[in-house]
Every structure is written in C-alpha cells, then in structure tokens.
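Q: I'm new to reading protein models, and I'd like some help with this one. Please take a close look with me at how its helices pack, and at the loops between them.

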Amino acid sequence: MFALQLKRVLLPGFTTVTALLILWFAVTTQGFFTLDNARAILASMVFVGMVSIGMTLIMVSGAFVSMALATTATISAMIFMASLSFGLPVAIALTVLVGALTGALQGVAIGGWNANPIIVTIAAAAVLEGVAVAFSHGATINPTGTSYTVLNAHLFGLPVGLYALAVLALTAESILRFTRLGPMIYLMGDNRAAARAAGLPIGRIGTAVFAIAGATASLAGIFMASFNHSASLLLNRGTLGYDAIAAVLIGGAAIGGGRGSVLNTMIGVAIIAIVSDLVLLRGFTTGEQILLKGLVMVAFAVGVHLRQEQRA
C-alpha cells in the first residue's frame, strides 16, 4: 500500500520535472532555437532511430534487448564500403542481406532454442567483431568511387537518411499493426508459454524479428559509412546500442515484452537527440555528456513505466 501511494505521489511530477529541466537548458543554451540546429537534431536521429526500430521489435517479442545491433551496424558499414566496387544498388542489397542473415541466426537460437538473448547477442557481437578484424586487419575501409554520396544528399533541406528512417518506422509499425506477424509478436512477448500452447511458430517468429532488426541495423551502418566516408571498428566506440535501448524504453515498450510501438520509440529517439544536442552545445566533457544523458534517459524511462503500472 505504501509503495502504491508513493508511486501516486511521484508519478505526476517525475517526467514533468525532467521535461522542464530540458526546456530550461534549451532556453538558456545559445544557438539551440535555430533552424540549422533543428536540422542537426533531426539528422542525428537517423542512426539511433534505425537501430531502435529493430530493438523495439525485439523487446516487444519478449527477447529483452540485443547487444549485437550496434556491432551489426558497424560491420555493415564496413561491408558496404568494401562492396561499393560492385555498384551502389548491389552494395546496399548485399549489406542488408548480410545484416538480415546475421540477425536471423541469432533469432533461430533465441526463438527456436529458447537460448538466453543477452548471452547469444553478446556472443554474436564478439564473433562479428572478430570476423571483421580478421578480414580488415583492423584497417579503415575506404570506398571505391563516390556513388555513396547520394545517401548524404538533402531533400527540402533535410537529409535523405531522415526520409529513409521515416519510411522504415512506418513500415515496421505497419508490420506490428496490420500484418499477421504483428499480433503474434505481441502474444509471444506477453506470454511465450501461451503462444506456444496456441500453436504459434515461436522459432519462425523469433527468426523474423531478429532478421528485421539485423536489416534495419545494417541500413544504419550504410548511412553511418556514407556520413563518415569510410568505415572501421571505431564506429562502434560510441553509445549507439545503449541510446537505442533507452529510446525504446522512453517510448514505453515493456522490457518483458508484449507492449511497445515503433512510433512511440521515435519520440524516445527525438528526446535523446535533443539531450545530446544540448550537452554538446554547452561544451560538456564526454564523461559529463554520458552522465547527463543517462540521468535524463533513466528519468523518462522510469516515469513512463510508473505511469503504465498505475494504468494497469
């Protein structure tokens, strides 16, 4: 009873205070409310957003999170740069195919064999990184030609990658809402035992979810490589994977599965992009940036889940 009353006291102001603090930082940060900065925030959503789409499907399906998606994006960036000699369309198709297959293999183990998703995805990330080191010898992969620069183009003042993110998000949301696969993903995440008893093909559903996640992560890698004009394992030295997990949680997905929305995740991605922009404009050190971003993400995520528990 005391815990319930405490939640009711904390809930109304928990995320509100955090949001007001962000607003105060925005108002007092020089250069934040400018058109160029707004474009920069939208552009920064592309990489995290694409990885977050796959992370949302994984979390909704009850597989918790994937620790391999950021590495998949990095390896995909290297594959894309290395295969540009075959032409841009072939390079994109090959990269997405490899990403989907990589994800599907993890999905087979997790969905079909009921293996621990954290262990499987950490192991997958290690294997992927090892293979990349073996083939690249740790060197930076530079592109052949400049055909990839079309992916860095702008349309109506916004980067092409942002339009690609919007299409991916709407497609993934449509899969969850309007296809036979969507309800099966939700049911599997909500109650795997019931889903299995109902005769749902758990293994195939898990494989499909991780294949889609691998494909969206590979697309993030393609745009990462194009933006940086090269690719190496150093691309995976940031917080891409953790930002994606935080975006999904801020968007209201249940860590245990059965609840979540790609469009809500995009709200989480936007919040992360805004916070990242603010700490950068204020000149915080790398450590301070990570600390403040982490505190904000925790505040939003906890606030969202307290609200959902109260409604339940």
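What follows starts with how far to trust the model, then goes through two helix pairs and ends with some loop residues.

A: Before anything else, keep in mind that this is a predicted model, where local features need pLDDT of at least 70, side-chain atom pairs count only at pLDDT 80 or more, and totals for chains, interfaces and linings use all residues. Residues are numbered from 1 along each chain as its sequence is written, and side-chain values use heavy atoms, with hydrogens and water left out.

So how confident is the predictor? pLDDT is its confidence in each residue, on a scale from 0 to 100. The protein averages 89, and 92% of its residues reach 70 or more. Among the elements, H6 has the highest mean pLDDT, at 97, while helix H1 (residues 2-27) has the lowest, at 67. Where pLDDT is low, the predicted coordinates shouldn't be read in detail. As for the labels, helices (H or I, at least four residues) and strands (E, at least two) are DSSP runs, numbered from the N terminus.

Let's begin with H2 (residues 35-60) and H6 (residues 160-178), whose axes come within 9 Å and cross at roughly 20°. Those axes are lines fitted to C-alpha atoms, for helices over the stretch in contact, and angles run from 0 to 180 degrees between N-to-C directions. The small print on angles is that under 35 degrees is roughly parallel, over 145 roughly antiparallel, 65 to 115 roughly perpendicular, and the rest oblique. That makes H2 roughly parallel to H6. Their crossing is left-handed, a label used if the near helix is turned anticlockwise from the far one by less than a right angle, with right-handed used if clockwise.

Which residues do the touching? Contact means heavy atoms within 4.5 Å. On the H2 side you'll find Leu-42, Met-45 and Ile-53 among others, and they meet H6 residues including Leu-165, Leu-168 and Leu-176. The residues of this contact split into 13 nonpolar, two polar and no charged. Here Ala, Val, Leu, Ile, Met, Phe, Trp, Tyr, Cys and Pro count as nonpolar, Asp, Glu, Lys and Arg as charged, and the others, Gly among them, as polar.

Now try H3 (residues 69-82) and H4 (residues 88-112), which pack at about 150° with axes 9 Å apart. That makes H3 roughly antiparallel to H4. This crossing is right-handed. Thr-72, Ser-76, Ile-79 and Phe-80 in H3 meet a set of H4 residues, including Leu-88, Ile-92 and Val-98. The contact has six nonpolar residues, five polar and no charged.

Finally, the loops. Buried means under 20% relative accessible area, exposed over 50%, and partly exposed in between (1.4 Å probe, protein chains only). Ser-230 sits in the loop between H9 (202-228) and H10 (240-250), and at 18% Ser-230 is buried. Not counting residues up to four places away in sequence, Ser-230 touches Met-81, Thr-140, Ile-141, Asn-142, Ala-225 and Leu-235.

Two other loop residues have a backbone quirk. Phe-64, in the loop between H2 and H3, has a positive phi of about 60° although it isn't a glycine; at 40%, Phe-64 is partly exposed. His-137, in the loop between H5 (117-136) and strand S1 (154-155), also isn't a glycine, yet has a positive phi of about 55°. With a relative accessible area of 70%, His-137 is exposed.

How values were computed
pLDDT is the predictor's confidence in each residue, from 0 to 100.
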